[in-house]
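Student: I have a model on my screen and would like to understand the labels people attach to its residues. Could we go through some of them together?

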Amino acid sequence: MQMRPVLMATLGAALGLVPAAIASGIGSEAQRPLARVVAGGMLTATFLILFVVPILYQLTSPYAKARSRPQPNPEDQEHINQDIIQRSEHPS
């Protein structure tokens, strides 16, 4: 996963919401909380995407590997491939 694009997109959008989050003009009573919630949600999602999801993947990947089908060794796989080719060339 590339960290730089995720951080740049999130920080760009969050910094774009700073004026709305600190506004004090007409209508800012509704605008400020919304801007804070959106910016906080984006920063929280970024943290989850960059740190929590990879950690959870690392923790659960051994279980996924243990439950997967065993892969044939390369010699057996070559025989399987040859059999598939022969069957496709000479259908019964």
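Student: Why is Phe47 called partly exposed?

Tutor: Happy to help, and keep in mind that this is a predicted model. Phe47 has a relative accessible area of 46%. Buried needs a value under 20% and exposed one over 50%, so Phe47 falls in between and is partly exposed.

Student: What makes Phe47 and Phe51 a tilted pair?

Tutor: Two values are needed here. The ring centres are 5.4 Å apart, and pairing asks for centres within 6.5 Å, so the two rings count as a pair. Their planes stand at 40°; stacked would be under 30 degrees and edge-to-face over 60, so the pair is tilted. A search of the whole structure finds one aromatic pair.

Student: How do you know that Phe47 and Phe51 are separated by about one helical turn?

Tutor: Both belong to helix 3, which covers residues 28-67, and they are four residues apart, so about one helical turn separates them. As for Phe51, its relative accessible area is 40%, which is again between the 20% and 50% limits, so Phe51 is partly exposed.

Student: Why is Thr46 called buried?

Tutor: Thr46, also in helix 3, has 9% relative accessibility. The limit for buried is under 20%, so Thr46 counts as buried.

Student: Which residues is Thr46 in contact with, leaving aside its neighbours within four places in sequence?

Tutor: Those are Val6, Leu7 and Thr10. Leu7 sits in helix 1, residues 3-16, and with the same kind of exclusion Leu7 touches Thr46 and Leu50. At 31% relative accessibility Leu7 is neither under 20% nor over 50%, so it counts as partly exposed. The C-alpha atoms of Leu7 and Leu43 are 9.1 Å apart, with their positions 36 residues apart in sequence.

Student: What makes Arg87 and Asp83 a salt bridge?

Tutor: Their closest N and O atoms are 3.2 Å apart. The rule asks for a side-chain nitrogen of Lys or Arg within 4 Å of a carboxyl oxygen of Asp or Glu, so this pair qualifies. The count for the model comes to one salt bridge. Arg87 and Asp83 are four residues apart in helix 4 (residues 74-89), so about one helical turn separates them.

Student: Why is Arg87 called exposed, and what is Asp83 called?

Tutor: Arg87 has 58% relative accessibility, which is over 50%, so Arg87 is exposed. Asp83 has 32%, between the two limits, so Asp83 is partly exposed.

Terms used
Residues are numbered from 1 along each chain as its sequence is written. This is a predicted model: local features need pLDDT of at least 70, side-chain atom pairs count only at pLDDT 80 or more; totals for chains, interfaces and linings use all residues. Side-chain values use heavy atoms; hydrogens and water are left out. Rings of Phe, Tyr and Trp (its six-membered ring) pair if their centres lie within 6.5 Å; planes under 30 degrees apart count as stacked, over 60 as edge-to-face and the rest as tilted. Helices (H or I, at least four residues) and strands (E, at least two) are DSSP runs, numbered from the N terminus. Buried means under 20% relative accessible area, exposed over 50%, partly exposed in between (1.4 Å probe, protein chains only). Contact means heavy atoms within 4.5 Å.
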